[in-house]
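Me: Could you take me through one part of this model slowly? I'd like a close look at the place where the two chains meet, and some idea of what surrounds it.

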Amino acid sequence: MNTCAFDATLLDPFLDGALSPADAEPGQAHLDSCPECQSYVDDILAMREYFPDDEDVELPENFAANIMAEVAKAPQSRPRKQPWGKLAVAAACLALIVVLQHVNLPFAMGGSKSAASIAPAAFLSDAAAVAESEESAVEAPAEASEPCFPVTADSSLEALREYGAGENLLSEEPDEAILVTATEAELGDLIVDEVPSDIYPGYTCYLLNSNEPIVAKLVERGFLQEVPDVDCIIRLEVLSE
Amino acid sequence: MIDLQEQKWISAAKSGDQEAFSQLVLRYQKKVYALALRMCRHPEDAEEAAQEAFPSAWQGLPFFRGEAAFSTWLYRLTSNSCLDLLRRENRHSAATGPSLDDDELSLDLPDTAPTPETAAEQSELRDMIENGLQSLSPEYREVLVLREIHQLSYDEIAESLSLDLGTVKSRISRGRRQLREYLQKSGNFFPSATSKRMEKEGCK
Ligand SMILES: [Zn+2]
């Protein structure tokens with residue numbers, strides 16, 4: 001069936017206008033002489049012609065109104081100047097994650113001190129800061145009934161694994177994740193260019209490859225001891241308040 | 001192209017303006033729902049996913065720095081909600097298709113394929129594509145939906161789904177080949193298209 005030796009993976013970018021004119025030229029030349037590739041292109045164009053469009057979709061009743069009702073109930077997270085009270089609870093929740101992930105995930109870091117162990121250390125310093133604030137002791141129990149995050153955090157990693165949605169981020173052994181947590185205030189400009197991979201109540205998660213520039217900056221600022229191996233992904237959790 | 005009106009809505013919504021956010025909802029509701037519907041298949045699931053994605057966007061907006069387009073960011077949240085919903089509920093395991101681990105994927109085609117009339121109406125052809133899309137795994141389905149329905153570029157798809165460009169390319173290519181195979185086996189989707197081409201171009 002596949003008798004043509006032409007690199008067929010070029011046909012799709014060709015059809016999608018994703019090739020530079022220079023790259024598109026040999027494709028066009030080949031198409032003119034190859035019935036097999038031509039039939040592929042014709043079929044894809046035929047599919048495109050009858051592809052449904054979003055105007056075909058009939059929205060459920062009160063769709064936007066229902067969304068806005070949810071939005072009205074959902075508080076927007078934004079940085080605060082002195083978020084210590086909530087931070088104490090969030091830190092406690094996240095400390096749990098650290099423990100869970102520390103237990104569950106075999107970290108790939110070599111050397112005497114794995115970067116993963118940095119995370120709890122970061123908490124300790126946060127916790128110390130928190131301890132200076134008296135109100136945290138008062139607020140913490142009240143906030144303690146809020147759900148902690150480990151289940152969600154786990155499920156999102158699982159989702160990535162199962163569906164390959166982040167397969168560029170997850171290595172062959174997707175369990176090799178390094179958790180780094182920080183407050184938005186601590187990171188500030190560092191996360192400006194990053195697109196969150198998940199947003200949860202109270203924190204936002206970024207999955208980073210170790211070769212991303214932000215990782216070097218995390219090292220510079222002491223959130224990580226060193227730039228991890230290339231196969232490692234870093235799960236950066238940024239507390240929003 | 002920068003849409004100034006949209007930028008205004010985004011920055012107002014970032015600082016807590018729900019009215020501005022509702023304008024964004026109105027602008028993107030169909031695209032979000034269209035994506036969710038193809039991903040989840042069932043309207044009630046799609047609604048649920050969209051009902052999660054928009055509030056997530058609202059909550060996360062203060063983090064949104066406008067480096068990526070708002071739309072691609074929103075599609076990512078939508079896609080995450082859909083995949084999460086499919087995974088969580090595992091309601092429609094049949095719709096999740098084969099695993100991506102295999103290099104060669106085999107299609108599970110229906111034994112009795114629908115056979116539309118030669119002069120099939122446009123809606124029937126669309127239905128065939130919808131059914132074909134549902135035969136694909138969600139990973140292939142979402143790239144094709146974002147490409148063909150939302151008309152995103154490869155870069156935008158990569159951004160929306162947090163994939164690298166090579167993965168986007170290969171998923172589009174494999175997804176299309178599977179969809180084509182489905183349509184070839186399902187009836188005379190292509191003969192009509194081919195004859196149309198012949199009419200258009202004549203004999204070469
Ligand atoms: Zn060829």
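Reply: Here is a walk through the contact between the chains, followed by the cores and the confidence scores.

Keep in mind from the start that this is a predicted model. It scores ipTM 0.75 and pTM 0.57.

Let's begin with the whole contact. Chain A puts 48 residues into it, and chain B puts in 62 residues. On chain A's side, at least two residues each come from helix H1 (11-15), helix H3 (35-50), helix H4 (63-73), helix H8 (150-163) and strand S2 (198-200). The top contributor there is H4(A), which gives 8 residues. If you sort chain A's side by class, you get 26 nonpolar, 9 polar and 13 charged residues.

Now zoom in on one pair of helices. H3(A) meets helix H8 (residues 165-186) of chain B, and their axes come within 11 Å and cross at roughly 85°. An angle from 65 to 115 degrees counts as roughly perpendicular, so that is how H3(A) and H8(B) lie to each other. Who touches whom? From H3(A) you have Asp43(A), Ile44(A) and Met47(A), and across from them in H8(B) are Arg176(B), Leu179(B), Arg180(B) and Leu183(B). This little patch splits into 4 nonpolar and 3 charged residues, with no polar ones.

Next, the cores. In soluble globular proteins, nonpolar side chains tend to be buried together. Here the largest nonpolar core has 67 residues, and Tyr33(B), Ala36(B), Cys40(B) and Leu74(B) have the most contacts inside it. Helix H2(B) gives the most to this core, with 12 residues. Take Leu74(B) as an example: leaving out residues up to four places away in sequence, Leu74(B) touches Tyr28(B), Val32(B), Ala53(B) and Ala57(B). Another core, of 20 residues, lies apart from the largest one, and Leu187(A), Leu208(A), Val215(A) and Leu236(A) are among its members.

Last, how confident is the predictor about chain B? Its mean pLDDT is 81, with 76% of its residues at 70 or more. Among the elements of chain B, H2(B) (residues 18-40) has the highest mean pLDDT, 95, while helix H9 (residues 189-201) has the lowest, 53. Two stretches of chain B deserve some care. Over residues 91-120 of chain B the pLDDT is below 50, though the model gives this stretch 38 contacts beyond near neighbours in sequence. Residues 195-204 of chain B also stay under 50, and the model has 1 contact for them beyond four places in sequence.

Conventions
Residues are numbered from 1 along each chain as its sequence is written. Chains are lettered from A and ligands numbered from 1 in the order in which they are written. This is a predicted model: local features need pLDDT of at least 70, side-chain atom pairs count only at pLDDT 80 or more; totals for chains, interfaces and linings use all residues. pLDDT is the predictor's confidence in each residue, from 0 to 100. Helices (H or I, at least four residues) and strands (E, at least two) are DSSP runs, numbered from the N terminus. Two residues are in contact if their C-beta atoms, placed from the backbone, lie within 7 Å. A nonpolar core is a set of buried Ala, Val, Leu, Ile, Met, Phe, Trp, Tyr and Cys residues joined through C-beta atoms within 7 Å. A residue is buried if 20 or more other C-beta atoms lie within 10 Å of its own, exposed if 12 or fewer, and partly exposed in between; C-beta atoms are placed from the backbone. Ala, Val, Leu, Ile, Met, Phe, Trp, Tyr, Cys and Pro count as nonpolar, Asp, Glu, Lys and Arg as charged, and the others, Gly among them, as polar. Axes are lines fitted to C-alpha atoms, for helices over the stretch in contact, and angles run from 0 to 180 degrees between N-to-C directions. Angles under 35 degrees count as roughly parallel, over 145 as roughly antiparallel, 65 to 115 as roughly perpendicular and the rest as oblique.
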